[in-house]
Amino acid sequence: MKKTLIFMLLHSLVLLGTAHLKVAADEKQQQPKKTYIIHMDKSNMPAGYEDHLGWYDSSLKSVSDSADMLYTYNSAIHGFSTKLTSEEAQLLEKQPGVLFVLPDIRYELHTTRTPEFLGLGNSESVFPTSEKVTDVVVGVLDTGAWPEHKSYDDTGLGPVPSSWKGACEVGKNFNSSSCNRKLIGARFFSKGYEQAFGPIDEKVESKSPRDDDGHGTHTSTTAAGSAVSAASLFGYASGTARGMATTARVATYKVCWLGGCFGADILAGIDKAIEDGVNVLSMSIGGGLYDYYRDIVAIGAFAATAHGIAVTVSAGNGGPGSGSLSNLAPWLITVGAGTLDRDFPAYVRLGNGQKYKGIALYSGKPLSDSLVPIVYAGNLSGSTSSGLCSTGTLARGKVAGKIVICDRGGNSRVQKGKIVKEAGGVGMILANTESYGEELVADAHVLPTAAVGQKVGNVIKRYAHSNANPTATIAQGSTEIGVEPSPVVASFSSRGPNPVTPEILKPDLIAPGVNILAGWSTSMSCPHVSGLAALLKAKHPEWSPAAIRSALMTTAYSTYKNGIAIEDLATGTASTPFDIGAGHVDPVAALDPGLVYDANVEDYLSFLCALNYTADLIKQVTRRAYTCDSKKKYSLGDFNYPSFAVPLQTASGRRGGAGVSSTVRYTRTLTNVGAPATYKVSISSAISSVKISVEPESLSFKAYEKKTYTITFTASSMPSGTTNFARLEWSDGKHKVGSPIAFSWT
């Protein structure tokens, strides 16, 4: 009996233990999983593994029996991505040889006139021959490509460069014949996206390099589209449409889908682009603010830069707020947005005889000259958002046969017109609110439309509210060329100062990014610079990515021909280096910059040392085993960047410590990429609070010779939040090598 009781007790304990283990296993399975990117230290792979893939698999299986690798990375980082619970991720991070385990992050996607506006139409003699340009490959990470687009026509192009190692991946609506001698490579990456959103709905978008959105086609053809004659949109902006580097090759890497772009896919795209052999990499993608060792775009771009690939990125669409930038690493070419000298006018005539100018694209049946009733959507209901003309807010009985005034914001600008039309409206006036100020964007609308700035919008609203029987009509104008002033800084273009490393001035420069037909934003300014980088690479194949960035920056212009500073559309006043960086790109001047501020991997390692990065953090960013020299003094001010950002401390005391001064010294090294010459320095500054001196004031160069100079800033303390600006310029009488200087007190 006693033995029976003992047996039954032991049996119960076993059952309880088994049940507990089952519950624990069930709980583990029920824990939410998400995608992680794992960076491995390949140099420390334990003995006993035939290759690194076996090591990766073993490390993963040590924390999860069910997890599979989504991607393996070989060139951007060494490692893989997978889906894990937070507990499994923590365990994996403790494994030997694991540098980091980062949760995947969702990123967002931030022509016919621009070649002429940039001076490419009448300066053929200074540009590289088409034979040289055809050897350059521009890789674009975006939403893919629409291969039937005429800008991918390969007529006249020779064989694909022998150095090209890429592929034309097949999938829905995309086969091997979709590529040609222009669009020489096409890949797609969706595993990270599908882990977050589930399988791609192929009824809505193509699981292939096919561009169902249009953004990727626009960015890639802006950078390197073939010339297409007699191009226009609804009859507007007619002319020859061409990219910046018309004979360069294009490779598309589809990493963005309807729900956004994920880090695991972006990194896989960069990884393949490096292996395929692109020369320039264009990414109109942005995310949050992260230290460089946690920024997947920065880490992948460093690997590309180390392979000699110039990486251009958009600054972001977070303007005009201060410190709204993304893509801040100094090895990136970060591009803000400006306007063109082209407009698409639309005119509003009110019943009181007043006329106002707006912009829009519309090619359908126009309104007659006869006046029709006008109504402000915000007066049609008690809802605080009724003025936005969103779905369900417009009653047909109140808007049928009328022009409707809609506030900008909330939903897309084109969608507002569609909603007005569906409710019986015959036209729309799209009025900017305070958030958008006077910035106007030309969209292709489905009914007669005029987009107007905040000031005009408020006037029209007051008329509609105060008049018993308000009326109006809308007339579309024709394309206007030579609009002044131009360029101006787009309100949406993200601004400095640099919130991660204040000593590095960002953005680097601005380029056309507004009303580039079928697209707008800094995502359109980025491919302009990508194409220009391809031209520079073709003419100067020996130049490093840093030399290309320097040439673009030091030849950029920050004033109009009359000497007045480029205007900021957000304020209506002069822009600053926090808005435009070095200025607006000037590709003709960039081809022959005279001097460049060059930098190599060793310089970037010193930069990270100046940030007090440990050896482990440096390896996370660069994949290099590098230890900072404890005997060496590293300074961010000595990093060889083509611009100057000087953060200063406000002294304690009344009026920001007035009377207290501090001295800061930066060093720079210039490389002569032109003929032997002597350059003299000049400083343009209206600042009394900072004295600037340069030593030496003159530099004589032989061909390809390097010379170093020191610039000293003696600054009086100013109240916190104060900013001031100056400009340094080296000139030999032919070349002007300019650098903006930005001071900020905190």
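**Exercise 1. The whole chain**

How much area does the chain expose, and what share of it do carbon and sulfur atoms supply?

*Solution.* Start with the ground rules. The model is predicted, so local features need pLDDT of at least 70 and side-chain atom pairs pLDDT 80 or more, while totals for chains, interfaces and linings use all residues. Residues are numbered from 1 along each chain as its sequence is written, and side-chain values use heavy atoms, without hydrogens and water.

Step 1: the exposed area is about 30500 Å² (Shrake-Rupley method, 1.4 Å probe; for residues, only the protein chains shown count as cover).
Step 2: carbon and sulfur atoms supply 52% of that area.
Step 3: of the 746 residues, 55% are buried. Buried means under 20% relative accessible area, exposed over 50%, and partly exposed in between (1.4 Å probe, protein chains only).
Step 4: the chain holds 18 helices and 38 strands. Both are DSSP runs numbered from the N terminus: helices are H or I with at least four residues, strands are E with at least two.

**Exercise 2. The cores**

Find the largest nonpolar core and the helix that gives it the largest share.

*Solution.* Step 1: define it. A nonpolar core is a set of buried Ala, Val, Leu, Ile, Met, Phe, Trp, Tyr and Cys residues joined through side-chain atoms within 4.5 Å.
Step 2: the largest one has 70 residues. Leu141, Ile266, Leu281, Val311 and Trp331 have the most contacts inside it.
Step 3: helix α9 (residues 296-306) gives the largest share, 8 residues.
Step 4: another core lies apart from this one. That second core has 39 residues, including Cys179 and Val585.

**Exercise 3. One residue**

Place Ile474: is this residue buried or exposed?

*Solution.* Step 1: Ile474 sits in strand β24 (residues 471-476).
Step 2: Ile474 counts as buried because its relative accessibility is 3%.
Step 3: beyond four places in sequence, its contacts (heavy atoms within 4.5 Å) include Tyr347, Leu367 and Met428.
Step 4: Met428 is 46 residues away along the chain, yet the two C-alpha atoms are 8.5 Å apart.

**Exercise 4. A sheet**

Work out the strand order of the open sheet with 5 strands.

*Solution.* Step 1: the order is β31-β38-β37-β33-β35, with mixed pairing. Two strands pair if DSSP finds at least two bridges between them.
Step 2: β31 (644-648) and β35 (698-701) are the edges, each pairing on one side only.
Step 3: β37 (residues 723-731) and β38 (residues 736-745) run antiparallel, joined by 9 bridges.
Step 4: Thr723 stands opposite Ser744 in β38.
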